[in-house]
Amino acid sequence: MFFFYQFTFSIIILFSPLIIFLRILKKKENKISFKEKFSFINEKRRGGGKLIWFHGASVGEIMSVIPLIRHYENKKSIKKILITSNTLSSSKIIKKFKFKKTVHQFFPI
């Protein structure tokens, strides 16, 4: 059974660039930030201080952490808030709020 899962996972990883490319053509992925799904981040972390990281798979989970983000945006001890998600629609939700300390990145495959 382990071999089956390992083989299936390897095939998915092998074809994931093709799958992402097809999703870009269908406008289900962002042309600029799709590299984040392969662990190539667009924005490096600058400065020190405390970082809080939230992850939500999709819109519902991202919406559930918005009150926490608002709370931590007002705390001076927190320098940066990182939100990772898997979907383009959840990244659009975060951009609508225009938080100052919060950065969104796509969660790597």
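These questions and answers walk through a predicted model of one protein chain.

Q: In what order do the elements of the protein chain run from the N terminus on?
A: The chain holds three helices and three strands. Helix α1 covers residues 2–25, and strand β1 covers 50–56. Read from the N terminus, the order is α-β-α-β-α-β.

Q: What share of the residues of the protein chain counts as buried?
A: The C-alpha atoms fill a box of roughly 50 × 30 × 25 Å along the principal axes. The accessible surface is about 7900 Å², with 66% of it on carbon and sulfur atoms. Of the 109 residues, the buried share is 30%.

Q: What percentage of the contacts with a separation of 6 or more comes from residues 24 or more positions apart?
A: The count takes contacts in the protein chain with a separation of 6 or more. Pairs 24 or more positions apart make up part of that count. Their share is 57%.

Q: Is Leu22 in the nonpolar surface patch buried, partly exposed or exposed?
A: Leu22 sits in helix α1. Leu22 helps make a nonpolar surface patch of about 1000 Å², along with residues including Phe15, Leu18 and Leu25. In an α-helix, residues three or four places apart point the same way, because there are 3.6 residues a turn. Buried needs under 20% relative accessible area and exposed needs over 50%, so Leu22, at 44%, is partly exposed.

Q: Which elements do the buried residues of α3 pack against?
A: Helix α3 spans residues 88–97. Its buried residues are Leu88, Ser90, Ser91, Ile93 and Ile94. They pack against α2 (59–73), β2 (78–85) and β3 (102–106).

Q: Where is Lys27, with its positive phi of about 65°, found?
A: Most residues other than glycine have a negative phi. Lys27 is not a glycine, yet its phi is positive. Lys27 counts as exposed because its relative accessibility is 65%. Its place is the loop between α1 and β1.

Q: Is Lys98, which follows α3, buried or exposed?
A: Lys98 has a positive phi of about 55° although it is not a glycine. This residue lies in the loop between α3 and β3. Exposed means over 50% relative accessible area. Lys98 has 70%, so it is exposed.

Q: How many Å apart are the mean positions of the positive and negative charges of the protein chain?
A: The chain carries 22 positive charges and 5 negative charges. Each set has a mean position. The two means lie apart by 4 Å.

How values were computed. Residues numbered from 1 in each chain as written. Predicted model: local features only at pLDDT ≥ 70, side-chain atom pairs only at ≥ 80, totals over all residues. Heavy atoms only, no water. Helix = DSSP H or I, 4+ residues; strand = E, 2+ residues; numbered from the N terminus. Buried < 20%, exposed > 50% of the residue type's maximum accessible area, 1.4 Å probe, protein only. Contact = heavy atoms within 4.5 Å. Areas by Shrake-Rupley, 256 points an atom, 1.4 Å probe, with all protein chains shown as cover. Lys, Arg positive; Asp, Glu negative; His and termini not counted. Charge placed at Lys NZ, Arg CZ, Asp CG, Glu CD. Patch = residues over 30% accessible without salt bridge, like charges linked within 9 Å, V, L, I, M, F, W, Y side chains within 5 Å. Salt bridge = Lys/Arg side-chain N within 4 Å of Asp/Glu carboxyl O.
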